[in-house]
Amino acid sequence: MPELPEVESTVRGLSPLIVGRKIIDVWSDAPKLIKNGTFEGLKKSITGKKILSVSRRAKNILIRLEGDDLLLIHLKMTGHLMVNKWNLPDKKEKPVPLGDGALTEKVNGYIHVIFILDDGRMLALSDLRKFAKVTFGKEQEVIRKEKIDKIGPEATDITLSELKDIFKDSKKGVKMVLLDQDRIAGIGNIYSDDILWKAKVHPLRPVNSLSDKEIKDIHQATRDILSLAISLGGTSISDYRDVSGERGGYGDRRLVYRRDGEPCKRCKTPIKRIKVGSRSARFCPECQKI
DNA sequence: TGCAGTGTTGCTTC
DNA sequence: CGAAGCAACACTGC
């Protein structure tokens, strides 16, 4: 799922459902997702603790608990968080959904961690590819270890001068820089493609060659696209769902992402795809000249 | 059938 | 230091 708008939608959906609740147990069939320490350690550390807040930094979900403890979840490629009720199996069977409709999709087959709450509901982490990451510990320790304090300004509120500063001293291609969480937080492949199309900038343009106007356009496009995507609840091109299982609305509105070969929405030229690093970038060869 | 491609990140290698 | 390649994993679509 996971770029800023999807993670933000998840956090907003999650807060009213789980803040104030106490975690009374944890279930997992994939302890490898717990990156620091063991499943038993996680269980011991968080059971009995009340959830104080849920927030987001870049694409990380931060769940603050009583006693200065922090539970950090990164959804990586295909993780989702959901709140519902499941019948928990003892051994290798999958959890069986007991709650309402939206979650009875295939996604239930990929639930790997479940936090059981004191009101009978549960918070589940589902992840087809098992790339997601769960970390826990004392707040400051987790923040330091996961380098949360090294992350750049949030893409939604970065200022124009901060962006100019970031672009100043690098010959890197602009797409690579937009994807670099230590410089700008929250942008991934979908939104970087759309931002650059909207700003009419080629993904491989070295950032130190961008004009003031181009930087201003990238800055504006970033704000516009991310706030639109947040207001639509993110993108569900593949399998992202919000915490109650609903799809996001940005997928239908996307500009160039995964539109290779389709006509550019401005000039009708077919959208092109190239490799940037080891990922795909889509752009209009006419509107976005190198 | 087989292989390239998929929203992320971080590690290794040069 | 930077850039590139790949690994973690499982599925879809050509």
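**Helix packing and internal spaces**

The crossing of α4 and α7 is right-handed. The structure described here is a predicted model, and the account begins with the packing around α7 before turning to its pockets and cavities. Helix α4 comprises residues 160-168 and helix α7 residues 212-231; the axes of the two come within 10 Å of each other and cross at roughly 120°. Because an angle of this kind falls outside the ranges counted as roughly parallel, roughly antiparallel or roughly perpendicular, α4 and α7 are described as oblique to each other.

Helix α7 also packs with α6, at an angle of about 130° and with the two axes 8 Å apart. Angles over 145 degrees would count as roughly antiparallel, and α6 and α7 are therefore likewise classed as oblique to each other. The crossing that α6 makes with α7 is right-handed. A further partner of α7 is helix α1, which spans residues 4-18 and packs with α7 at an angle of about 40°, the axes lying 9 Å apart. This angle makes α1 oblique to α7, since the roughly parallel class is reserved for angles under 35 degrees. Here, too, the crossing is right-handed, as α1 passes α7.

Turning to the open spaces, the largest pocket holds about 700 Å³. Its lining is made up of 26 residues, and those that lie nearest the centre of the pocket are P2, E3, M77, N189 and R279. Two elements, α6 (189-199) and β12 (279-283), give two or more residues each to this lining, and of the elements it is β12 that gives the most, with three residues. By class, the lining of the largest pocket consists of nine nonpolar, nine polar and eight charged residues. Where, with respect to domain 1 and domain 2, does the largest pocket lie? Both domain 1 (4-150) and domain 2 (160-283) give residues to the lining, so the largest pocket lies between them.

The second largest pocket contains about 190 Å³ of space. Among the residues that line this pocket are A58, K59, N60, H74 and K76, together with K133, E146, K147, I148 and I151, and the lining is completed by Q181 and D182. When these residues are divided by class, three are nonpolar, three are polar and six are charged.

Besides the pockets, a search of the whole structure finds two cavities of 30 Å³ or more. In the second largest cavity, the space amounts to about 30 Å³, and the residues that line it are I158, L163, L178, I184, I187, I218 and T222. By class, this lining comprises six nonpolar residues and one polar residue, with no charged residue. The lining of the second largest cavity includes L163, I218 and T222; the residue ranges of the helices place L163 in α4 (residues 160-168) and both I218 and T222 in α7 (residues 212-231), the pair of helices with whose right-handed crossing this description began.

Definitions and conventions
Residues numbered from 1 in each chain as written. Chains lettered and ligands numbered in written order. Predicted model: local features only at pLDDT ≥ 70, side-chain atom pairs only at ≥ 80, totals over all residues. Heavy atoms only, no water. 1 Å grid on protein atoms, 1.4 Å probe; cavity = no way out; pocket = protein on both sides within 12 Å on 5 of 7 lines; lining within 4 Å. Points joined across faces, edges and corners; volume = space filled by probe spheres on them. Helix = DSSP H or I, 4+ residues; strand = E, 2+ residues; numbered from the N terminus. Nonpolar A, V, L, I, M, F, W, Y, C, P; charged D, E, K, R; others polar. Domains from an automatic or database assignment. Axes fitted to C-alpha atoms, helices over the stretch in contact; angles between N-to-C directions. Parallel < 35°, antiparallel > 145°, perpendicular 65-115°, else oblique. Left-handed = near helix turned anticlockwise from the far one by under 90°.
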